[in-house]
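Hi everyone, thanks for making time for this. I'd like to walk you through one structure, piece by piece, so have it open in front of you.

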Amino acid sequence: MDATTVEKIKTAMDYERARNGPPEGFPALKPIPSARYVDPSFNKLEMERLWKRSWLYACHMDELPEQGSYFLWNKLGSPILIIRGKDDVVRAFYNTCRHRGGPLVKEPTGRRTLFVCGYHGWSYDHLGNLVAIRDPRDFPEFDKSCLGLIPVKCDTFGKWVFINCDEDAAPLSDYLGPVETEMAEFQPQNLRLAHKAEYDINCNVKVLLDAFLETYHLKSIHQQTVDRFLDHLGTTIELWPNGHSRMVTPNRRPEWKDPGSRGLPQLDTVGEIARDNNVSYNIYPNIVCPPSPTGMPFIVFWPKTLNSMRLECIWFSPDWGDGPLPEIWETRIANFERILEEDTQFAPQIQESVESDGFKGIPLSYQERRIYHWHEELDRRIGKGNLGDELRVVPLLEPYIETPRDARAAE
Ligand code: FES
Ligand SMILES: [Fe+2]
């Protein structure tokens with residue numbers, strides 16, 4: 001993070017603590033229509049226009065340790081096979097044989113020299129080319145070159161592997177923009193995969209995701225945990241293009257450190273903002289990442305059905321050397337899970353509420369504007385003409401989206 005951004009954030013935190021209302025001229029946010037959480041037709045648009053056309057986190061390079069390693073990703077209904085090729089390039093394909101749809105792999109991870117379909121033995125190489133079929137005499141004039149595995153866009157940010165089912169998607173780096181620039185200080189190219197867990201939760205994915213975009217809830221549901229060390233009144237927010245955003249919440253005591261990270265290796269490239277405060281990125285649409293010098297989780301939100309979702313928590317750590325993960329991580333993860341339980345405790349009841357006739361939309365405060373920004377980006381993806389007034393969010397925050405300094409300098 002450059003010196004100008006550091007100063008800007010410090011000034012913004014002082015401003016946030018001292019203000020008596022929203023900044024002059026900041027628009028009153030209109031209620032988010034409740035139908036966005038329950039309407040099947042909206043959900044279908046959201047799935048087609050957002051989830052199936054976004055860069056999404058798939059796996060970490062530690063899960064593709066060798067040439068020929070594969071990772072089977074199956075979060076949104078189309079299983080995708082991610083392969084580390086003999087050239088060390090990571091590629092992704094639908095895990096769907098071009099003959100009659102047999103799966104190429106069934107186990108979540110493994111290693112292959114050839115991907116042979118278990119149904120009738122068609123074989124594909126690590127580039128997805130169909131290289132052999134059984135009984136070719138019975139497929140006269142068959143052109144194997146037309147029936148390679150269907151590719152899915154795949155790219156990396158450090159050791160994080162992302163996929164995108166939209167073949168026309170912009171490159172990952174262009175999409176990430178300021179996220180990639182700012183997170184460079186956490187050395188994503190050197191982080192190791194430390195721990196993974198998944199939780200099924202009975203609510204629409206946006207019900208829970210919304211909760212991770214604001215600190216307004218700290219004083220009630222995190223009274224005994226996060227609220228003791230973070231001052232939500234100093235939270236400062238930047239809204240970025242493509243739906244991304246960053247929030248910085250000051251520690252009540254600057255010298256406070258997570259007891260679950262004592263003695264762990266530290267990234268010496270991390271600057272003072274992330275050392276002394278809680279930084280949290282939303283990598284649009286579904287990653288929430290609060291990074292620290294001793295590692296970070298990706299909290300990843302996946303829709304399952306209209307009223308159910310899966311939460312994935314994946315921890316990354318600076319290199320801890322040989323041997324197993326240091327024991328203190330058990331404390332760190334247990335502390336985090338306690339906070340997560342606080343965050344998820346009301347989710348099923350809130351889902352009941354959003355389905356209730358008593359739910360009439362969501363009035364959001366200035367503090368909660370990242371949620372509004374998230375929803376405005378969703379509407380940009382869905383397209384103006386595809387939503388009726390009863391479903392769409394009134395666009396208000398575009399003037400507040402900041403063009404990152406680096407990009408401005410390059411123009
Ligand atoms: S379905 Fe794969 S070889 Fe027939
Ligand atoms: Fe929370």
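**A walk from the first helix to the odd spots**

Let's start at helix α1: its buried residues pack against β12 (236-239), β13 (245-250) and α8 (272-276). One thing to say up front is that this is a predicted model.

So which residues of α1 are the buried ones? They're Ile9, Met13 and Glu16. If you look down the axis of α1, those buried residues fall within an arc of 70°, so they line one face of the helix. Turn to the other side of α1 and you'll find Ala3, Thr4, Glu7, Thr11, Tyr15 and Ala18, which are exposed.

We can also do a quick check on the length of that helix. Helix α1 has 16 residues, running from 3 to 18, and at 1.5 Å a residue it should span 22 Å. Its end C-alpha atoms are 23 Å apart, so that agrees. If you're wondering how the sum works, you multiply 1.5 Å by one less than the number of residues.

Okay, let's zoom out to the domains. The domain assignment gives domain 1, made of 3-53 plus 177-410, and domain 2, which is 56-157. Their C-alpha centres lie 34 Å apart. How many residues does each side bring to the contact? Domain 1 puts in 10 residues and domain 2 puts in eight. On the domain 1 side, the elements giving two or more residues are β11 (192-201) and β16 (296-305). The largest share there, three residues, comes from β16. Sorted by class, that side of domain 1 has seven nonpolar residues, one polar and two charged.

Now for the inside. The largest nonpolar core has 76 residues, and the members that touch the most others are Ala58, Ile82, Val161, Phe162, Ile163 and Leu208. Domain 1 and domain 2 both give residues to this core, so it lies between them. Take Ala58 as an example: leaving out residues up to four places away in sequence, Ala58 touches Trp73, Ile82, Val161, Phe162 and Ile163. Apart from that core lies another one, of 10 residues, including Ile9, Trp240, Ala274 and Val279. You've met Ile9 already, as one of the buried residues of α1.

Next, a residue to click on: Asn277, in strand β14. Is Asn277 buried or exposed? It has 24 C-beta neighbours inside 10 Å, and the cut-off for buried is 20 or more, so Asn277 counts as buried. Not counting residues up to four places away in sequence, Asn277 touches Val248, Thr249, Pro250 and Asn251. The C-alpha atoms of Asn277 and Val152 are 38 Å apart, with those positions 125 residues apart along the chain.

Last stop, some backbone oddities. As background, most residues other than glycine have a negative phi, and most peptide bonds are trans. Asp88 isn't a glycine, yet it has a positive phi of about 70°. You'll find Asp88 in the loop between β3 (80-84) and β4 (90-94), and with 10 C-beta neighbours inside 10 Å it counts as exposed. Asp135 also has a positive phi, of about 50°. Asp135 sits in the loop between β8 (130-132) and β9 (151-157), and it's exposed, with 8 other C-beta atoms within 10 Å.

And where's the cis peptide bond? It runs from Tyr284 to Pro285, with omega near 0°. Pro285 is in the loop between β14 (277-283) and β15 (287-289).

Methods
Residues are numbered from 1 along each chain as its sequence is written. Chains are lettered from A and ligands numbered from 1 in the order in which they are written. This is a predicted model: local features need pLDDT of at least 70, side-chain atom pairs count only at pLDDT 80 or more; totals for chains, interfaces and linings use all residues. Helices (H or I, at least four residues) and strands (E, at least two) are DSSP runs, numbered from the N terminus. A residue is buried if 20 or more other C-beta atoms lie within 10 Å of its own, exposed if 12 or fewer, and partly exposed in between; C-beta atoms are placed from the backbone. The arc is that of the directions from the helix axis to the C-beta atoms. Two residues are in contact if their C-beta atoms, placed from the backbone, lie within 7 Å. A nonpolar core is a set of buried Ala, Val, Leu, Ile, Met, Phe, Trp, Tyr and Cys residues joined through C-beta atoms within 7 Å. Domain bounds come from an automatic or database domain assignment. Ala, Val, Leu, Ile, Met, Phe, Trp, Tyr, Cys and Pro count as nonpolar, Asp, Glu, Lys and Arg as charged, and the others, Gly among them, as polar.
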